[in-house]
Amino acid sequence: MSLALATLIYEWRRYLAAVVALAFSGLMVLGTTGIFTGIVHSVLATTERSRADLFIMPAKTPRLINSDSGLPARIKPLIYMNPSVTDVETFDGGGGSWVNVPRGAEKQLQAYVQTWAVDTRPGSLTVPVDYSPQTLQALSEPGAVVADISDLPRLGVKIGDQAALNGKTVTLRGVLHNYQGVNQPTVIMSRDTARRLGMEGNDQGRTGPLMVGVRNPKDAAQVAAQLNAAAHGRYIALTRAQLNDNDEKALLSEQIIGVLLVFFVFLAIGIGIGITSQTLRGAILSNIREFASLRALGISMGALRLIVMELSFWVGVAGLGATLLLTFLVSLVTNSIGLPMVIRAGTFEWVAIMLMILAVASGAMAMGILKKSQPADLLR
């Protein structure tokens, strides 16, 4: 075991503040990015958890967030021309005004809701895989809708209550989990109910994005390439992973979210390097006589600097481990309140590199204190 690692283990209390500072710096970036990414997955859970293997989107806006995802209705028959395609279904969404029916002293609430229409027949591409048989049966009732359990307070309803959607009566027949909206609640209904409410999403020969089933799901990327080769710019075929990636980038590129992310990154860097460098400086100063003893034994100043740099490296490793632990604990809390945290491997790698750079830079800033490690001080 190296001297630097042994020092960190033996005198861990002196370096605890640096480890905690790095851990919270990493948590600040990972947590913020993970929550924003989790929001995307909650908003788009209906498509992300569907049985579809491919998604057909407009070529100019290959995403669902902040885009007009409508397609000409004539596109649908063209997709069937590929021999690997087994099913093509439209996924219609929209919005409307929601007004609850208060009871007794309850307040009347009005909200604008996002709506999605699904086909409740068994095996439909539009139905998410985690819908229970009870949910599908409830949606089969005329005028029935379901919503995420976390959105019920904003909607002012509970199971069995009626409300007005675009002036027409609907009944909440079930609840979902991890399907919550961000700006507005999300309401799911059957395609038949959407038709009754005049919310089919088919306007002047246009339809919503298309969901495609492929004979062998493992060939989805290959089939997407074939469809794109035959598209001639009329549409673009995306795998589930590609669509999710486009939606995440669209959300994270929004101005307010981008500003928040940049702010948290700079705040994390400031906290990390400020506290870590001062903690390392204080720890080295408290051990200055030990460093002076090493110099008296003939250890060069360069070797002492390497010890400090290795010590800062191990502090960074400990801070990274603490970041993982804290992020895991925070994710348990957020998941329990219906707000999933999704952390991509690329984001973690970036944060890991950032923390190690902060730790090593802090060690470099603290090396100046080694000038006080003069062997002559041992005689005082």
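1. Two strands are taken as paired if DSSP finds at least two bridges between them. On that footing, strand β6 (residues 144-148) pairs with strand β9 (residues 186-190) in the antiparallel sense, over 3 bridges. Within this pairing, A147 stands opposite V187 in β9. The model under discussion is predicted, and the points below should be read with that in mind.

2. Overall content. The protein has 380 residues, of which 47% count as buried. Its secondary structure comes to 13 helices and 12 strands. Among contacts between residues at least 6 apart in sequence, 80% join residues at least 24 apart.

3. The barrel. How many strands close into the barrel, and in what order? There are 6, and they follow the order β4-β5-β9-β6-β8-β7, with mixed pairing. From one strand to the next, the twist averages 45 degrees. The β6-β9 pairing in point 1 is antiparallel, and β6 and β9 are neighbours in the barrel order.

4. Strand β7 and its two partners. Strand β4 (residues 92-100) is joined to β7 by 3 bridges, and these two strands run antiparallel. V99 stands opposite A164 in β7. β7 also pairs with strand β8 (residues 168-176), again in the antiparallel sense, over 4 bridges. There, A163 has V170 in β8 as its bridge partner.

5. Faces of β7. Which side chains of β7 are buried? Along this strand (residues 162-165) the side chains alternate: A163 and L165 point to one face and are buried, whereas Q162 and A164 point to the other and are not. Read with the pairings above, A163, which bridges to V170, belongs to the buried face. A164, which stands opposite V99, is on the face that is not buried.

6. The β7-β8 turn. β7 and β8 form a hairpin with 2 residues between them. N166 is placed in the loop between these strands. This residue has a positive phi of about 55 degrees although it is not a glycine. Most residues other than glycine have a negative phi. N166 is partly exposed, at a relative accessible area of 40%; that label applies because the value falls between the 20% and 50% cut-offs.

7. A second positive phi. H232 is another residue other than glycine with a positive phi, near 55 degrees. H232 lies in the loop between α8 (220-229) and β12 (236-239). Is H232 buried or exposed? The relative accessibility is 67%, so H232 counts as exposed.

8. D148. This residue is placed in strand β6. D148 is buried, with a relative accessible area of 2%. The side chain of D148 makes a polar contact with the side chain of S150, at 2.5 Å. Leaving aside neighbours within four places in sequence, D148 is in contact with L176, H177, N178, Y179, Q180 and T186. One of these, T186, is 38 residues from D148 along the chain, yet the C-alpha atoms of the two are separated by 7.2 Å.

9. S50. Where does S50 sit? S50 is found in the loop between α3 (45-48) and β1 (54-57). S50 is a loop residue but is buried, with a relative accessible area of 5%. The side chain reaches two backbone atoms: the oxygen of T47 at 2.8 Å and the nitrogen of A52 at 3.4 Å. Not counting residues up to four places away in sequence, S50 touches F55, L125, V127, P128, V129, M211 and R240.

10. Internal space. Rolling a probe the size of a water molecule over the atoms shows where empty space is left. A search of the whole structure finds 1 cavity of 30 Å³ or more. The largest cavity has a volume of about 30 Å³. Which residues line the largest cavity? The lining is made of T47, F55, M57, L64, F91, P209, L210 and M211. The elements that give two or more residues to this lining are β1 and β11 (210-214).

11. S50 and the cavity lining. Several names recur between points 9 and 10. T47, whose backbone oxygen is reached by the S50 side chain, is one of the lining residues. F55 and M211 are among the residues touched by S50, and both also appear in the lining.

Definitions and conventions: Residues numbered from 1 in each chain as written. Predicted model: local features only at pLDDT ≥ 70, side-chain atom pairs only at ≥ 80, totals over all residues. Heavy atoms only, no water. Buried < 20%, exposed > 50% of the residue type's maximum accessible area, 1.4 Å probe, protein only. Polar contact = N/O pair within 3.5 Å; in protein donor to acceptor, adjacent residues only side chain to side chain. Contact = heavy atoms within 4.5 Å. Axes fitted to C-alpha atoms, helices over the stretch in contact; angles between N-to-C directions. 1 Å grid on protein atoms, 1.4 Å probe; cavity = no way out; pocket = protein on both sides within 12 Å on 5 of 7 lines; lining within 4 Å. Points joined across faces, edges and corners; volume = space filled by probe spheres on them.
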